[in-house]
Amino acid sequence: MTTAPPAAPSNKLPVATAAQVREQVKALLSRHRRTVVIALTLHALAVVAGLVGPRVLGTIVQGIQHGMTTATVDRLALLFAAALVVQTLLTRWARFRAAVLGETVLAELREDFLENAAGLPLGTVERAGTGDLVTRSTTDIERLSYAVRQAAPEIIVALLSVLLIGAAAVITSPLLAAACLVGAPPIVLGTTWYRNRADEGYRREMATFGEVNTSIGESAAAARTIEALGLQQRRVQRSDDDIRAWIGAERYTLWLRSVWFPSAEIGYVLPIVGVVLAGGLLYARGAVTLGEVTAVTLYVQMLIEPVDVVISWLDELQIGKASMARLLGVRYVPPGPAPTQEVPRTTEIIASDVRFSYRDGHDVLHGVNLVVPPGSRIAVVGPSGAGKSTLGRLLAGVHPPRTGRVAVGGVDVSALEPESLRQQVALVTQEHHVFVGTVRDNVVLARPGADDAAVRAALDAVDALDWVDALPAGMDTVVGSGGHALAPAHAQQVALARIVLADPHTLVLDEATSLLDPRAARHLERSLAAVLHGRTVVAIAHRLHTAHDADQVAVVEGGLVAEFGSHDELMASGGAYAALWESWREGSTAATP
């Protein structure tokens with residue numbers, strides 16, 4: 001017997017409970033009550049029109065047995081044809097109304113997800129990893145759209161058909177209709193067994209797929225670092241483990257379907273056998289007429305299609321339900337600390353006894369103390385994994401410290417409103433994104449309403465104006481997906497231009513020029529010097545020439561600031577920084593032809 005695979009790693013972003021999903025579905029149906037009622041009414045009328053056919057055929061069979069005239073048969077045949085035409089027209093109209101409803105509901109769910117996802121705290125997004133969020137915004141929305149557009153309407157119509165066809169069979173002959181119940185046990189028991197396991201199975205399947213996206217995406221994004229540290233085999237092993245977990249979850253849901261579908265198929269055959277056998281016995285005893293046997297048999301035959309639709313689409317509905325739970329889960333991310341109304345009194349940033357962990361019990365920073373005076377330039381250096389980037393994110397307010405405090409002008413950085421925070425401190429990383437739109441659109445995201453002169457000045461500050469002017473339509477050139485492709489270095493310059501336009505008093509540069517070759521990076525940093533004049537700059541980089549140019553250097557080792565001072569002071573002390581500098585200089589000399 002196949003059993004459920006081990007649980008996948010817990011979702012970093014929450015997943016809505018079954019009760020929360022039901023509450024949202026009820027809210028959507030209530031919001032569109034009128035459209036729902038119209039669509040169901042049209043479908044009901046279409047089903048009723050379809051019920052005319054078997055009753056007419058039963059009457060014809062019964063009439064022929066008792067000498068019905070040809071004219072009467074012709075009139076009944078015309079009634080049958082008219083009912084078929086009416087059913088077709090009503091079904092077409094009903095499906096159109098249902099399609100409009102489905103598209104409207106899907107649009108609302110998409111907008112709700114995007115609104116909630118865009119409002120997630122930055123720290124939450126970073127902790128979760130991009131894979132989970134990307135999977136929800138792509139794969140889960142695609143699966144949900146399939147459920148909303150196809151599965152849900154088909155199942156609702158099928159259930160309505162089953163109800164009305166069953167009622168017609170009971171009205172025609174309760175005794176024969178009772179024989180249909182012989183097919184209920186395998187269908188009901190099989191479906192109950194499946195539903196008790198499918199919800200959790202599909203949630204696990206989607207969660208493990210998200211983990212696959214995360215591990216592969218992270219490996220691709222950090223390929224240079226992985227190669228430099230010799231972590232290729234470890235990353236391959238992690239990806240293989242994630243893929244195996246995903247395959248295990250896929251096999252489990254496949255096993256559920258392989259048990260459930262055959263039980264349903266048995267349930268299709270038994271009612272027809274039961275009605276035919278019962279009909280023969282009852283007719284022989286005179287308890288039912290031949291017309292009643294004919295009509296009920298046809299009704300039972302009609303039941304097979306809607307029941308099969310329910311069975312076939314219920315699987316997709318379960319998938320859609322699991323996807324909806326993941327999309328709604330973004331609503332239930334715990335809120336960050338309540339924003340403060342305080343206004344920073346100065347631009348000085350102070351980190352006091354800061355500790356931080358990505359996982360409980362595993363601190364990355366161990367009581368860091370750092371003072372960043374206004375207008376100063378501080379370089380943060382140290383070996384990989386020492387906590388440099390984490391410290392930069394805390395200084396920029398991306399993460400709140402686990403204990404301790406990071407404050408700007410006496411106000412906790414993590415307590416500032418996002419808009420207020422970005423006027424104080426901005427984080428510039430090696431990651432960047434080019435949005436679909438013009439170059440101008442991409443830059444003015446930092447300050448909506450900025451005029452062309454301000455945009456051109458920002459592009460010029462990061463040495464991007466020349467190549468932007470050389471584009472087919474200059475700043476009006478459409479870039480991003482489907483538009484003009486930007487080289488990684490150019491895309492990073494656009495991201496830096498946004499920061500220039502935002503005009504914060506403090507910049508945290510986390511390897512902001514890493515995608516440029518050393519000569520281009522050095523050139524860009526020189527170009528930025530005039531723009532950065534008078535601002536506080538915290539630069540996190542492996543290229544130690546940044547440290548040489550800084551006012552002060554903070555050496556981070558093991559989650560602590562091990563050394564702090566100017567380049568000359570730290571070189572004179574002969575400590576960790578001096579060793580890093582000598583190692584970097586030797587590497588640079590060896591790399592020079």
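The following legends accompany an overview and two close-up views of a predicted protein model.

**Figure 1. Overall composition of the protein chain.** The predicted chain contains 593 residues, of which 46% are buried. Its secondary structure comprises 20 helices and 12 strands. Among contacts with a separation of 6 or more, 79% link residues that lie 24 or more positions apart in the chain. The exposed surface of the chain amounts to about 29,500 Å², and carbon and sulfur atoms contribute 60% of that area.

**Figure 2. Close-up of aspartate 353 in strand β1.** The strand that holds this residue covers residues 349–359. Aspartate 353 has a phi angle of about 50 degrees, which is positive although the residue is not a glycine. The relative accessible area of aspartate 353 is 38%. Because this value falls between the limits of 20% for buried and 50% for exposed residues, aspartate 353 is described as partly exposed.

**Figure 3. Close-up of aspartate 503 in the loop between α16 and β9.** Helix α16 spans residues 488–502, and strand β9 spans residues 506–510; aspartate 503 is located in the loop that joins them. The phi angle of aspartate 503 is near 60 degrees, a positive value in a residue other than glycine. With a relative accessible area of 44%, aspartate 503 is classed as partly exposed, because the value lies between the limits of 20% and 50%.

Methods: Residues are numbered from 1 along each chain as its sequence is written. This is a predicted model: local features need pLDDT of at least 70, side-chain atom pairs count only at pLDDT 80 or more; totals for chains, interfaces and linings use all residues. Side-chain values use heavy atoms; hydrogens and water are left out. Helices (H or I, at least four residues) and strands (E, at least two) are DSSP runs, numbered from the N terminus. Buried means under 20% relative accessible area, exposed over 50%, partly exposed in between (1.4 Å probe, protein chains only). Contact means heavy atoms within 4.5 Å. Accessible areas come from the Shrake-Rupley method with a 1.4 Å probe; for residues, only the protein chains shown count as cover.
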